[in-house]
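Colleague: I would like to go through this model with you, one question at a time. Please show the sequence and the structure before we start.

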Amino acid sequence: GTFARAAPALEMEPGRFEASGSALPYVDTDIDNPAVREMVNAMIEEEKKNIRPGQRAALLKSYLDHLPLPENTHQDSLVFSTEWARMQAGKPMRQLDMSRYDMPAPAKADSSNVAAWQRSVDNARAQLMHQQNRLDNLKLMLQYGPQAWKQHNKDVEDVEAALQKRLDKAREELQALNWQRKTEQTTAGKQLYDLEVQWGELISQNLEVERACVALEQQLQATQPAQ
């Protein structure tokens, strides 16, 4: 484009890419031309063909070398390591054990066994206490749940209002930054355009002077007597 020649848009460093301030996307709009966009896409696809299959991983690695690896805070957890091994092996997740909620009677072989009946009674008593605990929780929820839920909703609304305020501020800052970038780039684009025009005029003047010099030399040679 007209202003893309001012400086490269990307500066490469070992293992990473950094954008420089030389690109003027608000001014250099040649890419909006379908023919130019098609040409650029064709050049990109052609360049991608030159990348060997084994070279792609090396390029990606060099591109990410400066980024630290994510910290694994669960590497010493038995639950995490067990689940990770299960996922790596492709095994399904173990189903929840619901047998604790059953209240089976002793088997026929243990129908006269006092210990077996005692275990069944203890299990039934535990199930009864569990159901009683659920009833108590339901009563507490009916008594205090509405107010607690209203307070929770208010807390959520306060958090939403605070986040919305931060979002609005960020959008205002982004809008101001975009206006600043557009103003600076438009100003720089006009300066580059003026300089390019001056450069073209100077080139034209130099050509005119050169042609005039050649014409004077020819006239001088024509006026000199032949040796």
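Modeller: This is a predicted model. A place to begin is Asp 194, which counts as partly exposed because its relative accessibility is 29%.

Colleague: Which side chain meets that of Asp 194 in a salt bridge?

Modeller: Both residues of the bridge belong to helix 4 (residues 114-223), where being 4 residues apart separates them by about one helical turn. The N to O distance is 3.2 Å. The partner of Asp 194 is Lys 190.

Colleague: Is Lys 190 buried or exposed?

Modeller: The cut-off for an exposed residue is over 50% relative accessible area. Lys 190 has 53%, so the residue is exposed.

Colleague: How far apart are the closest N and O atoms of Glu 208 and Arg 211?

Modeller: These two residues are also in helix 4, and being 3 residues apart they are separated by about one helical turn. Glu 208 is partly exposed, with a relative accessible area of 46%, and Arg 211 counts as partly exposed at 46%. They form a salt bridge whose closest N and O atoms are apart by 2.3 Å.

Colleague: How many salt bridges does a search of the whole structure find?

Modeller: Asp 194 with Lys 190 is one of them, and Glu 208 with Arg 211 is another. The search of the whole structure gives a total of 7.

Colleague: Turning to helix 3, which residue forms a salt bridge with Glu 83?

Modeller: Glu 83 is partly exposed, with a relative accessible area of 32%. Its partner lies 3 residues away in helix 3, so about one helical turn separates the two. The side chains meet at 2.9 Å, N to O, and the partner is Arg 86.

Colleague: Is Arg 86 buried or exposed?

Modeller: A residue counts as buried under 20% relative accessible area. Arg 86 has 17%, so this residue is buried.

Colleague: What distance separates the end C-alpha atoms of helix 3?

Modeller: Helix 3 covers residues 78-89, which makes 12 residues. At 1.5 Å a residue the expected span is 16 Å, and the model agrees, with the end C-alpha atoms apart by 16 Å.

Colleague: Which residue caps the N-terminal end of helix 3?

Modeller: The contact runs from a side-chain oxygen to the backbone nitrogen of Val 79, over 3.4 Å. The residue that supplies the oxygen is Ser 77.

Colleague: What phi does Gly 90 take?

Modeller: Gly 90 comes just after helix 3. Its phi is positive, at about 75°.

Colleague: How are the rings of Phe 80 and Trp 84 arranged?

Modeller: A search of the whole structure finds 1 aromatic pair. Its ring centres are 6.3 Å apart and the planes of Phe 80 and Trp 84 meet at 15°. Planes under 30 degrees apart count as stacked, so the arrangement of these two rings is stacked.

Colleague: What relative accessible area does Trp 84 have?

Modeller: Phe 80 and Trp 84 are 4 residues apart in helix 3, so about one helical turn lies between them. Phe 80 counts as partly exposed at 33%. Trp 84 is partly exposed as well, with a relative accessible area of 47%.

Colleague: Which residues make the nonpolar surface patch of about 270 Å²?

Modeller: One of its members, Tyr 63, is found in helix 2 (residues 53-64). At 39% relative accessibility Tyr 63 counts as partly exposed. The patch is made by Tyr 63, Leu 64 and Leu 67.

Colleague: At the start of helix 1, which residue has a side-chain oxygen that reaches the backbone nitrogen of Ala 35?

Modeller: Helix 1 (residues 34-49) has 16 residues and reaches 23 Å from its first C-alpha to its last, close to the 22 Å expected. The oxygen at its start comes to within 3.0 Å of the nitrogen and belongs to Asn 33.

Colleague: In what order do the elements of the protein chain run from the N terminus on?

Modeller: The chain has 4 helices and 2 strands. Of its 227 residues, 6% count as buried. The order of the elements is β-β-α-α-α-α.

Technical notes:
Residues numbered from 1 in each chain as written. Predicted model: local features only at pLDDT ≥ 70, side-chain atom pairs only at ≥ 80, totals over all residues. Heavy atoms only, no water. Expected span 1.5 Å × (residues − 1). Polar contact = N/O pair within 3.5 Å; in protein donor to acceptor, adjacent residues only side chain to side chain. Phe/Tyr/Trp six-rings, centres within 6.5 Å; stacked < 30°, edge-to-face > 60°. Buried < 20%, exposed > 50% of the residue type's maximum accessible area, 1.4 Å probe, protein only. Salt bridge = Lys/Arg side-chain N within 4 Å of Asp/Glu carboxyl O. Patch = residues over 30% accessible without salt bridge, like charges linked within 9 Å, V, L, I, M, F, W, Y side chains within 5 Å. Areas by Shrake-Rupley, 256 points an atom, 1.4 Å probe, with all protein chains shown as cover.
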